[in-house]
Amino acid sequence: MHHPLLHQPIQLGSLTLKNRLVLPPMATEKSDKGQVTQALVDYYGDMAKSGPALIIQEHCFVSPEGRASVHQIAFDETADLAGLKQLTSAVHEHRVPILAQLSHAGSAAHQAMTGLEPIGPSAVLNPARTASAYGQPEQPRPMTEEDIRRVRDAFAAAALQAREAGYDGVEIHAAHGYLLNQFYSPLTNRRTDAYTGSTLEGRTRFLVEVIQAVRSSLPRDFVVTLRLGGGDYMEGGSRPEELPQAVEYLQQAGLDGISLSGGLCIFFRPGHPEAGYFAELSRAAKETARIPVLLTGGITTGEQAEQFLATGQADLIGLGRAALKDHQVFRKILGE
């Protein structure tokens with residue numbers, strides 16, 4: 001099968017991506033207490049060898065209280081810069097660019113694991129999380145303006161470390177029920193201040209401030225993207241109809257690209273097992289996006305990927321579970 005659109009290069013900020021296939025961020029849990037292991041370096045090197053246009057590394061924590069798991073990669077001051085440099089070199093050897101995905105778990109973090117009180121926009125239990133090895137999720141402490149400033153600065157500091165470690169850019173994680181997504185979702189954001197959960201401007205404000213902080217601390221050629229949980233698929237949650245306006249606010253803050261995924265429903269859309277089950281989100285984002293839009297979720301074939309590009313529902317296609325199953329999937333699809 002010939003897939004002409006899949007092979008078309010595209011500009012993502014300063015990067016020229018050689019095709020339209022992306023390895024999206026998926027937690028491998030291969031780090032050793034936050035530090036880089038040989039298994040992590042090998043995994044990303046192997047994925048790069050298959051020839052995706054871009055690799056987005058699994059989520060890393062920017063601040064100790066925002067750590068999601070014991071084996072999550074550290075991007076706070078304990079970051080393993082030497083190991084991260086090895087990882088980016090292993091990927092660059094195959095001429096593939098890599099972004100580090102930066103995250104803060106907010107109310108999805110467990111005090112039993114971090115030893116620190118979880119924080120969030122409001123004192124609301126995280127609806128995306130159920131009991132885990134760390135026990136039941138706890139009610140977070142609502143963030144003060146000081147907390148908001150500190151976390152915003154932690155994202156910027158982590159992005160600076162990413163640049164030092166050889167990454168081509170960063171993706172800011174605002175999906176899957178983590179902190180920035182908690183500000184965006186009206187279910188978890190009950191604030192009444194400037195970050196209010198009752199207006200789209202209030203819900204996107206912290207995301208915009210994080211983008212601006214990252215953008216202003218780095219050179220313009222360093223790529224900054226955002227992954228947005230564009231739909232919670234829960235009563236009273238965020239909705240696809242809000243995306244054209246939300247994307248407008250976010251891209252004005254200086255994004256080079258945006259990736260659409262689930263919100264508090266995490267990376268599944270209830271009752272939708274079909275390929276591209278978040279396509280209604282990327283399609284809504286495309287209405288106003290002047291930057292490339294990435295769609296991920298259930299896409300496994302070149303045929304499906306080409307179709308989403310041809311119908312203008314996305315500009316980039318992420319192959320997640322298909323790549324986990326077969327690290328050489330990019331090569332196979334592009335060689336078809």
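This briefing walks through some helix packing, buried positions and backbone turns in the structure above. The model is a predicted one. Three helix pairs come up below, starting with α1 and α2, whose axes cross at roughly 20 degrees. After them come helices α8 and α9 with their buried residues, then a few single residues worth finding on your screen.

**Helices α1 and α2**

- Helix α1 spans residues 38-49 and helix α2 spans residues 81-92, and their axes come within 8 Å with a crossing of roughly 20 degrees.
- Angles under 35 degrees count as roughly parallel, so α1 is roughly parallel to α2.
- The crossing of this pair is right-handed.
- On the α1 side, the residues that meet α2 are Gln38, Leu40, Val41, Tyr44, Gly45 and Ala48, while α2 brings Gly83, Gln86, Leu87, Ala90 and Val91.
- By class, this α1 and α2 contact holds seven nonpolar residues, four polar ones and no charged ones.

**Helices α4 and α6**

- Helix α4 (residues 145-164) and helix α6 (residues 200-216) have axes that come within 8 Å and cross at roughly 40 degrees.
- That angle makes α4 oblique to α6.
- Here too you can look for the handedness: the α4 and α6 crossing is right-handed.
- From α4, the contact takes in Ile148, Val151, Arg152, Phe155, Ala156 and Ala159, and from α6 it takes in Phe206, Glu209, Val210, Ala213 and Val214.
- Sorted by class, the residues of the α4 and α6 contact are nine nonpolar, no polar and two charged.
- Ala156, which sits in helix α4, is a handy residue to zoom in on.
- Buried means under 20% relative accessible area, so Ala156 counts as buried at 10%.
- Apart from its neighbours within four places in sequence, Ala156 is in contact with Ala213, Val214 and Ser217.
- To get your bearings across the model, note that the C-alpha atoms of Ala156 and His327 are 32 Å apart, with their positions 171 residues apart in sequence.

**Helices α7 and α8**

- Helix α7 (residues 243-252) packs with α8 at an angle of about 60 degrees, and the two axes are 7 Å apart.
- This makes α7 oblique to α8.
- The crossing of α7 and α8 is right-handed.
- Leu243, Pro244 and Val247 of α7 meet Leu281, Ala284 and Ala285 of α8.
- The α7 and α8 contact has six nonpolar residues, with no polar and no charged ones.

**Buried residues of α8 and α9**

- The buried residues in α8 are Ala279, Leu281, Ser282, Ala284 and Ala285.
- These α8 residues pack against β10 (223-231), α7, β11 (257-262), β12 and α9.
- In helix α9 (residues 302-310), the buried residues are Gly302, Ala305, Glu306, Phe308 and Leu309.
- Viewed down the α9 axis, those buried residues fall within an arc of 160 degrees, so they line one face of the helix.
- The elements covering the buried residues of α9 include β3 (21-23), α8 (279-286), β12 (293-296), β13 (316-318) and α11 (329-335).
- Just after α9, Gly312 has a positive phi of about 70 degrees.

**Positive phi away from glycine**

- His176 is not a glycine, yet it has a positive phi of about 55 degrees.
- You will find His176 in the loop between β9 (169-174) and α5 (179-184).
- His176 counts as buried, with 6% relative accessibility.
- Ile266, which is not a glycine either, has a positive phi of about 65 degrees.
- The loop that holds Ile266 runs between β11 and α8.
- Ile266 is buried, and its relative accessible area is 17%.

**Gly120 in strand β7**

- Gly120 is part of strand β7, which covers residues 119-120.
- With a relative accessible area of 0%, Gly120 is buried.
- Setting aside neighbours within four places in sequence, Gly120 is in contact with Pro140, Arg141, Pro142, Met143, Leu179, Gln182 and Arg191.
- Gln139 lies 19 residues from Gly120 in sequence, and their C-alpha atoms are 8.7 Å apart in space.

Methods: Residues numbered from 1 in each chain as written. Predicted model: local features only at pLDDT ≥ 70, side-chain atom pairs only at ≥ 80, totals over all residues. Heavy atoms only, no water. Axes fitted to C-alpha atoms, helices over the stretch in contact; angles between N-to-C directions. Helix = DSSP H or I, 4+ residues; strand = E, 2+ residues; numbered from the N terminus. Parallel < 35°, antiparallel > 145°, perpendicular 65-115°, else oblique. Left-handed = near helix turned anticlockwise from the far one by under 90°. Contact = heavy atoms within 4.5 Å. Nonpolar A, V, L, I, M, F, W, Y, C, P; charged D, E, K, R; others polar. Buried < 20%, exposed > 50% of the residue type's maximum accessible area, 1.4 Å probe, protein only. Arc of directions from axis to C-beta.
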